[in-house]
Amino acid sequence: MSRRRNGRLGRWAALAALALSASMADAQANSDGLDPERLRLGQALYLDGRRSNGQPLRARRAGGLSLGGGEAACVNCHRRSGFGGAEGRSYIPPINAASLLTAKPPGSGASAAGRPAYTMQSLGRALRQGIDAAGRRLDFLMPRYDLNEAELAALFAYLARLSTQSSPGVTATVVDFATIVAPGMAAQHRQAMLDVLAACFAEHNAGRPAERGRRRLGPEIGFAGQRAWQLHVWELHGAPDTWEPQLAAHARRTPVFAVLGGLGSGQWGPVHNFCEANALPCLFPHIEVPGAETAGFYSMYLHKGIPLEAAIIAHDLGREGPAGQRVIQVRRAGDETARAAAEALRKRLSRHAIELDERVLDGADDAAFAAALAEIPATTALVLWLRPPDLRRLASRQPEAAKLYLSTLLADPESLALPVAWKERALIAYPYELPEMRTRHTAQLAAWLRRHALAPVAETLQADAYLACTLLATGMNEITGHLQPDYLLERLEVVIERTGSSGHYPRLALGAGQRFASKNGYLLRFADPASTRLVPVGERLAP
Amino acid sequence: MVEKLAKISRATLLGKLGALLALATAWGAASADDHGQHQHFEQAPGYVRQVSSYQLPETELRRSDGAKVSFRQAIDDGKPVVLNFIYTTCTAVCPIMSQSFAEFRQRLGAEGEQLHMLSISIDPEEDTPERLADYASRFAAGSQWQFYTGSGRASVMLQKAFQAYFGDKMHHRPIAFMRAAPGQPWVRLEGFTTPDDLLKEYRQLVARR
């Protein structure tokens with residue numbers, strides 16, 4: 001699956017991957033002999049609406065509206081890539097180098113007459129007076145800016161560079177992708193994810209089914225216009241604080257356009273940070289806790305993971321108000337997912353002023369477990385951030401708490417053999433669509449796995465990997481030949497809501513700057529103590 | 001029910017003149033680039049005004065302060081109401097609408113003390129009360145301008161009731177709604193409305209009450 005790349009190309013692409021926010025201007029300027037200070041100023045104007053003197057950029061719009069600073073920054077509408085976008089019936093044109101510096105022939109662009117390529121002078125007129133390069137008024141949406149000559153030159157230099165860099169991992173015929181596997185993952189799970197991605201890539205590379213037959217008859221027609229996808233596996237070893245240099249070494253050896261999927265549990269922070277720092281899209285890993293609590297730019301997640309479950313539980317507890325409520329949460333020491341869950345629940349419950357105690361289960365024997373669950377008042381709500389090996393010990397105990405909350409990601413409740421007395425009062429935070437609502441998707445996935453001779457070994461993991469690959473295909477299709485990382489992410493922000501594929505999730509949607517596609521979940525209970533069937537308690541929640 | 005339909009198209013009337021003026025300004029302003037405030041401004045592109053009665057459903061919403069409120073109680077508080085639909089990660093359309101609302105409220109001054117402004121999220125899953133509160137402070141919204149979220153179903157139901165549902169959030173359009181008092185028809189202003197447009201429409205509305 002891995003493929004060595006030419007060393008010189010590798011070094012070059014690693015350099016491109018290193019070209020990022022603060023150092024981006026320097027790296028780009030050096031390679032072009034441009035003044036890095038000028039590009040830095042252009043970038044500050046474009047991304048932050050900050051002028052050369054550090055003051056906020058000022059602009060005005062028809063009707064006497066004035067705007068300043070971040071609100072006035074070009075990036076809001078034209079986006080990081082400079083490819084623009086659309087909202088309702090408002091269309092934002094591309095303004096990156098390829099568009100701005102190219103003449104639009106009659107019949108294209110904003111009017112039938114076309115327009116000449118922009119020069120620094122005509123850009124100045126557009127920005128300050130709202131007159132485009134052909135002498136026409138710009139749209140109402142475009143503000144008029146106060147810019148001095150140096151700022152105009154800086155912005156022109158920035159735009160003339162925008163989205164012109166070739167991306168790492170892209171050649172005329174191949175796009176390289178990586179997937180990341182954290183240490184300690186079950187070999188079967190690792191293989192299941194890699195098999196799904198490999199089958200999905202093979203499907204992409206074979207072309208549409210109707211094309212495959214034609215290609216067999218005439219292989220010389222080849223991949224015209226379509227790059228083959230190549231998947232590399234970046235295995236991580238050892239402690240998380242060593243992952244970033246490991247990832248950097250992988251990226252040097254095999255530069256990639258994006259990271260797809262990935263397998264981890266409670267510690268994805270180093271991967272997240274690496275992707276943000278290297279302007280590398282990292283799309284939809286199968287993990288339990290996202291690498292950061294708030295959205296970055298380059299990391300996209302299918303859902304918020306266990307903090308979403310904590311929010312669902314807090315929502316349920318919060319409905320009754322703080323009066324007399326006491327909550328005890330139990331987690332196992334060293335389980336990072338459980339730690340993140342406990343922290344998220346603590347934050348959420350503090351908003352409701354609900355009292356929360358935490359017990360940390362350390363030690364592997366029954367006595368340690370018994371101690372962690374000792375003296376639980378009957379009016380307490382008990383939240384168990386525990387996995388099946390611990391939960392199986394509940395068999396020897398009678399439940400004391402009034403309510404019991406369990407996590408789906410940790411407890412895997414659909415295959416959990418919980419004692420009847422516990423099942424009767426269990427409430428489960430569930431970050432997926434209800435099982436009976438996703439039967440069509442489950443059947444489709446099963447058929448797809450069968451077609452590729454893959455066994456259904458880990459349904460959710462395989463569903464996530466397949467979804468990640470499907471979403472990548474949608475995004476790549478959107479950007480066609482413009483293989484720019486920022487543009488891929490911006491198109492994914494828009495199109496995910498419109499794709500039919502939502503995997504195991506009730507609904508997927510992003511927007512500008514949004515990075516967690518599913519925000520929904522349910523609170524479930526067992527349909528009856530004898531079964532593992534789960535039914536919802538109340539409506540779908542976006543807590 | 002449509003009682004009146006009037007196309008306000010100053011832009012088309014003044015457009016050519018405006019372009020000429022702008023060109024003249026551009027030619028004459030080669031050395032005056034840093035004095036933008038003296039330059040020509042074209043008008044906003046105009047909006048379509050329509051007077052309509054909507055059957056508004058009852059639904060529960062959450063205000064940006066976290067309170068659960070009845071939509072009907074919120075709009076039927078006896079005050080004149082100005083309403084729109086927004087979402088906080090909207091890049092082009094909503095910031096303009098919100099800024100126009102903010103400026104309108106400010107220019108209205110004491111005249112607007114009885115006014116109730118509502119912005120309802122069309123991306124309620126993302127727009128938690130906390131995010132809406134941040135958004136409100138971005139536009140310095142005071143207590144008279146409240147922001148609401150709710151279930152996805154409630155948001156879609158309200159968009160449909162106002163005939164302002166266009167599928168996913170990125171297809172939305174700028175529309176402002178005004179009503180003088182409960183039981184009165186709504187004035188629907190579709191298009192980008194400037195603070196002056198809103199002032200003019202609002203004053204007409206309350207004068208007729």
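Which residue of chain B forms a salt bridge with Glu71(A), and how far apart are the closest N and O atoms? Keep that in mind as we work through some exercises on this predicted model.

**Exercise 1. Describe the contact between chain B and chain A, starting from Glu71(A).**

Solution.
- Step 1: The partner of Glu71(A) is Arg138(B), with the closest N and O atoms 2.6 Å apart. A salt bridge needs a side-chain nitrogen of Lys or Arg within 4 Å of a carboxyl oxygen of Asp or Glu, so this pair passes.
- Step 2: Widen the view to the whole interface, where the rule finds 7 salt bridges. Polar contacts link 17 residue pairs between chain B and chain A, both residues being at pLDDT 80 or more.
- Step 3: Now ask which elements of chain B are involved. Helix H1 (10-28), helix H3 (93-108) and helix H4 (129-138) of chain B each give two or more residues to the side that touches chain A. H3(B) supplies the largest share, 8 residues.
- Step 4: Count the participants: 48 residues come from chain A and 45 residues from chain B.
- Step 5: Finish with the area. The size of an interface is often given as the accessible area lost when the parts come together. Here chain B and chain A bury about 4,000 Å² between them, and 50% of it is on carbon and sulfur atoms.

**Exercise 2. Classify the ring pair Tyr432(A) and Tyr505(A), and work out what it ties together.**

Solution.
- Step 1: The structure holds 23 aromatic pairs over all chains. In the one we want, the ring centres of Tyr432(A) and Tyr505(A) are 5.6 Å apart and the planes meet at 55°, so the pair is tilted.
- Step 2: Place the residues. Tyr432(A) is in the loop between strand E15 (426-430) and helix H18 (439-451) of chain A, and Tyr505(A) is in the loop between helix H20 (485-495) and strand E16 (516-518), so the pair ties together parts 73 residues apart in sequence.
- Step 3: Check the burial. Tyr432(A) has 6% relative accessibility and counts as buried; Tyr505(A), at 1%, also counts as buried.

**Exercise 3. Do the same for Phe162(B) and Trp186(B).**

Solution.
- Step 1: Their ring centres lie 5.1 Å apart with the planes at 85°, so this pair is edge-to-face.
- Step 2: The pair links distant parts of the chain, 24 residues apart: Phe162(B) sits in the loop between helix H5 (152-161) and strand E8 (175-179) of chain B, and Trp186(B) in strand E9 (residues 186-191).
- Step 3: Both residues are buried. They also belong to a cluster, linked by ring pairs, with Tyr54(B), Phe85(B) and Phe177(B).

**Exercise 4. Find the rings of Phe297(A) and Phe516(A) and say which charged end sits over each.**

Solution.
- Step 1: Over Phe516(A) sits the charged end of Lys304(A), 5.0 Å from the ring centre.
- Step 2: Over Phe297(A) sits the charged end of Arg515(A), 4.8 Å from the ring centre.

**Exercise 5. Compare the settings of Ala279(A) and Asp412(A).**

Solution.
- Step 1: Ala279(A) is not a glycine, yet its phi is positive, near 50°. Asp412(A), also not a glycine, has a positive phi of about 45°.
- Step 2: Ala279(A) lies in the loop between helix H11 (269-277) and strand E9 (282-283) of chain A, and Asp412(A) in the loop between helix H16 (408-411) and helix H17 (420-423).
- Step 3: Ala279(A), at 17% relative accessibility, counts as buried, whereas Asp412(A), at 40%, counts as partly exposed.

Definitions and conventions: Residues numbered from 1 in each chain as written. Chains lettered and ligands numbered in written order. Predicted model: local features only at pLDDT ≥ 70, side-chain atom pairs only at ≥ 80, totals over all residues. Heavy atoms only, no water. Phe/Tyr/Trp six-rings, centres within 6.5 Å; stacked < 30°, edge-to-face > 60°. Helix = DSSP H or I, 4+ residues; strand = E, 2+ residues; numbered from the N terminus. Buried < 20%, exposed > 50% of the residue type's maximum accessible area, 1.4 Å probe, protein only. Lys NZ or Arg CZ within 6 Å of the ring centre and 35° of its normal. Buried area = accessible area lost by both parts, 1.4 Å probe. Polar contact = N/O pair within 3.5 Å; in protein donor to acceptor, adjacent residues only side chain to side chain.
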